[in-house]
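Let's take a walk through this protein together, one spot at a time. Have the sequence and the model open as you read.

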Amino acid sequence: MRRARTMEAKVKKEDLFSPQGHTARHEPPERPRRGPVRDAGSLLRSPLGPYVLNRLPAGLAAVAQGRSTYEQLAAEQCRVLRAAGAEDGPLATDPPSARLVQLDLLFMLNGYLPAGPTAFPRPLLAALAAQCDRYPSLDPHMSYELLIDVNCAEWESTGHIRVFSDGDLGLLERDFYLGHHLAEPAARGAFDRLASLVLEPDAVDQAAALEEALRGLDDFRRYMAQYGRLPREAFQAFRRYHMSHPSGARGASGAFMPSVQLLELALLAPTPLYELYLDQSLAYFPAWSRPVVSEWRERSRAGDNVVQAVLDGRLKPDRRAAVALLGVIDTFVDFRMVHLGVTRKAIPEAFEPSARPTRRGILAQDGERDFLGGAGPGDGRGDELGTSGFSVHNVLTNAVHRLLRARRRVAETLGPVTD
């Protein structure tokens, strides 16, 4: 059976969720799913790596298909923990390996989320507690940083990536993670260009900076479009391992990709509901990004953003720059609308059956909508919540609403910019 691993760490966006892309990649020879695994790199960095990489997906598939039970899975994992030395203290021997060990422990733990917290093996909880006590900066729950940044960095350096799913489904799950990892630099680059425009408007070529931001955003949008290839059934199969933790911690979610938030903050000021979103989300962003998001939140709130600078006359874009600025906003809206379409396909319960979100309809709303506590068009059972714990419909339409309102104000200020 094929695995969600490859020794080739170069993937183009066109390969994501593509059977042709999968079959064209080099994969290492099959290894037995049980018994010793000669994987010195993973063993040295995480003693749990061989189990999580080679046996956990098959174990979870067996439980899901009724060929095994969570009790049997827990018994096997307790043996793995004992063999790794979990009873003697934290499994990580140094800070560099701690995040990878934490990722392995949390992959094991999240496998029980469909069964609820009563299924969590006590030795696994104890191992996590010992790890967090030794390394308090670690996320105690599966986070975007661990799932995407740490996991995909490991894939780039070793060819191994952690997934919950077995076989071909695992390949799709792998691409779900890789797509986020590969796309984010494009959004971060667009943010950098807008930030330079805000911080040093007289020291940069405004049109060139905006055109470069536009290219980055268009590349980012194209990555999102690839997610339309992911079958709904495949997404639902591994989504259940990413839901919010019973402790109340929000699940790992693309909602916590920091560069998208930085991009919006550099572009326009936060609204009250977006401020609430940031309040609820900041602790779930990757650690490196939290001070940066906080800094730009303060700056943008005070008027240091591209849209406000144009409205105030501090930025006076020429025709070329004005066209590029409107293109940046339009492409950001395009990304959000593509995201809405992909989400509607993957989580139809988050939308009313007749819902067909359009730019015109979203702009005509009387404002942004509540995104907490299951607010949204679902049936009240919380089905409309994403893995972030927010109403996915309202989070996404709110973002479109903010951008469209900002575009209208900018267009009115700039006047005609095309022939």
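Leaving aside its neighbours within four places in sequence, which residues is L105 in contact with? Keep in mind while you look that this is a predicted model. With those neighbours set aside, L105 touches L48, L81, L91, L124, A127, L128 and Q131.

L105 is also a good way into the interior. The largest nonpolar core has 125 residues, and L105 is among those with the most contacts inside it, along with L81, F107, M142, Y177, L267 and W296. Helix α16, residues 319–346, makes the largest contribution to this core, at 14 residues. So L81 turns up twice: as a contact of L105, and in the list of residues with the most contacts inside the core, a set made of buried residues by definition.

Now step back for the overall picture. The protein has 18 helices and 0 strands. Of its 419 residues, 55% count as buried. If you take the contacts with a separation of 6 or more, 76% of them are between residues 24 or more positions apart.

Next, the empty space inside. Searching the whole structure turns up 4 cavities of 30 Å³ or more. The largest cavity holds about 830 Å³ of space. It is lined by 48 residues, and the closest to its centre are H180, S253, G254, A255 and H339. By class, that lining splits into 29 nonpolar, 14 polar and 5 charged residues. Plenty of helices chip in: α8 (144–158), α9 (167–199), α10 (206–226), α11 (232–239), α12, α13, α16 and α18 (392–414) each supply at least two lining residues. Helix α16 gives the most, with 7 residues. That's the helix we met in the core, where α16 had the largest share.

What about space that is open to the outside? The largest pocket has a volume of about 260 Å³. Its lining has 15 residues, with L268, A269, T271, R402 and R409 nearest the centre. By class, you'll find 6 nonpolar, 5 polar and 4 charged residues there. Both α15 (306–312) and α18 supply at least two residues of this lining, and α18 gives the most, with 5 residues. Helix α18 also supplies at least two residues to the lining of the largest cavity.

A269 is worth a closer look, as one of the residues nearest the pocket centre. Where does A269 sit? It's in the loop between α12 (258–267) and α13 (272–281). Is A269 buried, partly exposed or exposed? A269 counts as partly exposed because its relative accessible area is 29%, and that class runs between 20% and 50%. Beyond its neighbours within four places in sequence, A269 is in contact with S300 and N305. The C-alpha atoms of A269 and A406 are separated by 9.3 Å, although the two residues are 137 apart along the chain.

For a last stop, go to S289, which lies in helix α14, residues 289–301. Why does S289 count as buried? Its relative accessible area is 0%, and the cut-off for buried is under 20%. A polar atom of the S289 side chain lies 2.7 Å from the backbone oxygen of P286.

Key. Residues numbered from 1 in each chain as written. Predicted model: local features only at pLDDT ≥ 70, side-chain atom pairs only at ≥ 80, totals over all residues. Heavy atoms only, no water. Helix = DSSP H or I, 4+ residues; strand = E, 2+ residues; numbered from the N terminus. Buried < 20%, exposed > 50% of the residue type's maximum accessible area, 1.4 Å probe, protein only. Contact = heavy atoms within 4.5 Å. Core = buried A, V, L, I, M, F, W, Y, C linked by side-chain atoms within 4.5 Å. 1 Å grid on protein atoms, 1.4 Å probe; cavity = no way out; pocket = protein on both sides within 12 Å on 5 of 7 lines; lining within 4 Å. Points joined across faces, edges and corners; volume = space filled by probe spheres on them. Nonpolar A, V, L, I, M, F, W, Y, C, P; charged D, E, K, R; others polar. Polar contact = N/O pair within 3.5 Å; in protein donor to acceptor, adjacent residues only side chain to side chain.
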